[in-house]
Amino acid sequence: MIEWPNVTVAGHQELGLKPEELQRSKCVLGFIPVIYYSILLCVGVPVNILTAVALSRLASRTKRTLYYYLLAVTGSDILSQLFIIFVGFLLETAVFHRDVPLLLLHFVSAAEFAANHASIWSTVPLTIDRYVALCHPLLHRQISYPARARKIIATVLMLSLASGVPFFWWSDMWRNSHPPTALDTVLIWTHVTIIYFLPCSIFLVLNSLIIYTLRVGQRQQRCKEEHEAKSTPPRRLGKSTAMLLAITSVFSVLWAPRTIVVIYHLYVSSVHRDWRVHLAYDLSNMLAMLNTAVNFFLYCFVSKPFRSAVRDVVLLRGGPLYPRRALPQRQAPTNASISSLYSGNNKRSQRDSTPLSPRRARKPS
């Protein structure tokens with residue numbers, strides 16, 4: 001999916017270029033990207049696996065669609081880390097120096113794009129679900145349930161896999177010295193639309209509607225308090241909504257530089273020629289890949305149930321997330337009725353076993 005830094009220079013026979021065309025831009029960062037992606041992979045994959053286990057427990061216990069969508073996002077992030085960071089950069093570029101069959105390079109490129117699209121578009125059903133839950137709660141109760149969430153997730157993953165096929169012909173932005181062709185222009189604009197402009201537009205519209213609905217609810221609550229002279233706690237931002245806003249905001253910030261640099265490469269200056277564009281592209285890729293490892297910390301910061309689930313997983317505990325406080329209250333009337341039943345039976349047995357008093361004894365006829 002993402003073409004990685006030109007750490008090593010390929011041979012003349014591989015490129016088939018003239019000597020003057022081999023004067024490419026230098027990689028200013030050197031081996032820093034190799035170290036960075038190695039650390040990101042060693043930290044991100046275990047953290048995402050821990051996130052997936054904790055979310056799977058929450059989903060099985062609560063049956064909330066929110067955790068199913070978050071689980072899909074986490075699984076897609078793991079695929080992105082394996083295909084893009086491990087296979088695309090560390091193996092192909094840093095280890096084999098892209099000295100692998102060309103057909104394999106194209107297949108891996110399509111797989112990287114598919115994993116990246118799945119990681120981003122798994123957040124879209126989550127955003128729609130939270131919008132319906134807050135703005136149309138009655139409708140949300142009817143249409144939101146785990147079985148439907150799993151079908152939606154499967155559909156998104158299949159569409160993401162299909163969307164990666166055209167990028168089989170994605171060109172190497174670091175090594176291609178010729179100007180972008182018409183096919184490159186179409187693929188680049190398709191890429192930035194799929195991974196940034198379209199999902200960010202959906203996030204912006206739905207999040208704006210969610211915030212607007214919450215503000216309107218707060219105003220109506222204040223007016224109601226003024227008329228009724230009652231003080232009720234204000235309607236605050238829910239934990240799930242705060243988590244959604246954090247996920248979408250971090251994604252928009254981390255992926256914006258790469259989108260800008262790709263468009264700049266297309267129309268202004270090439271990554272292959274200008275070392276400054278080369279440096280900007282390396283840094284923007286590093287920021288974009290950071291998005292695959294930060295969600296765990298966002299979940300821990302926002303959600304108390306998630307922190308409890310992570311604690312249970314780390315400590316190898318499988319107990320319930322919350323103490324069941326309603327159970328003794330429900331049993332109290334039952335116990336009371338049973339005790340009253342036994343007391344009634346005891347009284348009845350005592351009355352039956354007690355001899356009749358002389359006053360109540362019937363006289364024989």
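These exercises work through helices, surface patches and salt bridges in a predicted model.

**Exercise 1. Find which stretches the UniProt record annotates as "transmembrane region", and what the chain does in two of them.**

Step 1. Start with the record. The unreviewed UniProt entry gives this annotation to residues 34–55, 67–91, 103–128, 149–169, 189–214, 244–267 and 279–302.

Step 2. Take residues 189–214. The chain here is 100% helix and 0% strand. The end C-alpha atoms lie 35 Å apart.

Step 3. Take residues 279–302. Helix makes up 83% of this stretch, and strand 0%. Its end C-alpha atoms are 34 Å apart.

**Exercise 2. Locate the patch of positive charge, and name the helix that gives the most to it.**

Step 1. List the members. Lys239, Lys304, Arg307 and Arg311 gather on the surface.

Step 2. Assign the helix. H12, residues 304–314, gives the most, with 3 residues.

Step 3. Place Lys239. This lysine belongs to helix H9, which spans residues 239–267.

Step 4. Is Lys239 buried or exposed? Its relative accessible area is 59%. Exposed means over 50%, so Lys239 is exposed.

**Exercise 3. Identify the residues of the nonpolar surface patch and the helices that supply them.**

Step 1. Name the residues. Trp189, Phe197, Tyr264, Tyr267 and Val268 make the patch. It covers about 510 Å².

Step 2. Turn to the helices. H8 (182–228) and H9 each supply at least two of the patch residues.

Step 3. Look at one member. Tyr267 sits in helix H9. Its relative accessibility is 54%, so Tyr267 counts as exposed.

**Exercise 4. Work out how many salt bridges the structure holds, and how covered their partners are.**

Step 1. Recall the principle. Side chains of opposite charge can pair when their charged atoms come close.

Step 2. Count. The structure holds 2 salt bridges.

Step 3. Take the pair Asp129 and Arg130. Their side chains meet at 3.0 Å, N to O. Both residues are buried.

Step 4. Take the pair Asp312 and Arg317. Their closest N and O atoms are 3.1 Å apart.

Step 5. Check Asp312. Its relative accessible area is 8%. Buried means under 20%, so Asp312 is buried.

Step 6. Check Arg317. Its relative accessibility is 39%. That value falls between the cut-offs of 20% and 50%, so Arg317 counts as partly exposed.

Conventions:
Residues numbered from 1 in each chain as written. Predicted model: local features only at pLDDT ≥ 70, side-chain atom pairs only at ≥ 80, totals over all residues. Heavy atoms only, no water. UniProt positions renumbered as here; feature names shortened; annotations may be inferred. Helix = DSSP H or I, 4+ residues; strand = E, 2+ residues; numbered from the N terminus. Patch = residues over 30% accessible without salt bridge, like charges linked within 9 Å, V, L, I, M, F, W, Y side chains within 5 Å. Areas by Shrake-Rupley, 256 points an atom, 1.4 Å probe, with all protein chains shown as cover. Salt bridge = Lys/Arg side-chain N within 4 Å of Asp/Glu carboxyl O. Lys, Arg positive; Asp, Glu negative; His and termini not counted. Charge placed at Lys NZ, Arg CZ, Asp CG, Glu CD. Buried < 20%, exposed > 50% of the residue type's maximum accessible area, 1.4 Å probe, protein only.
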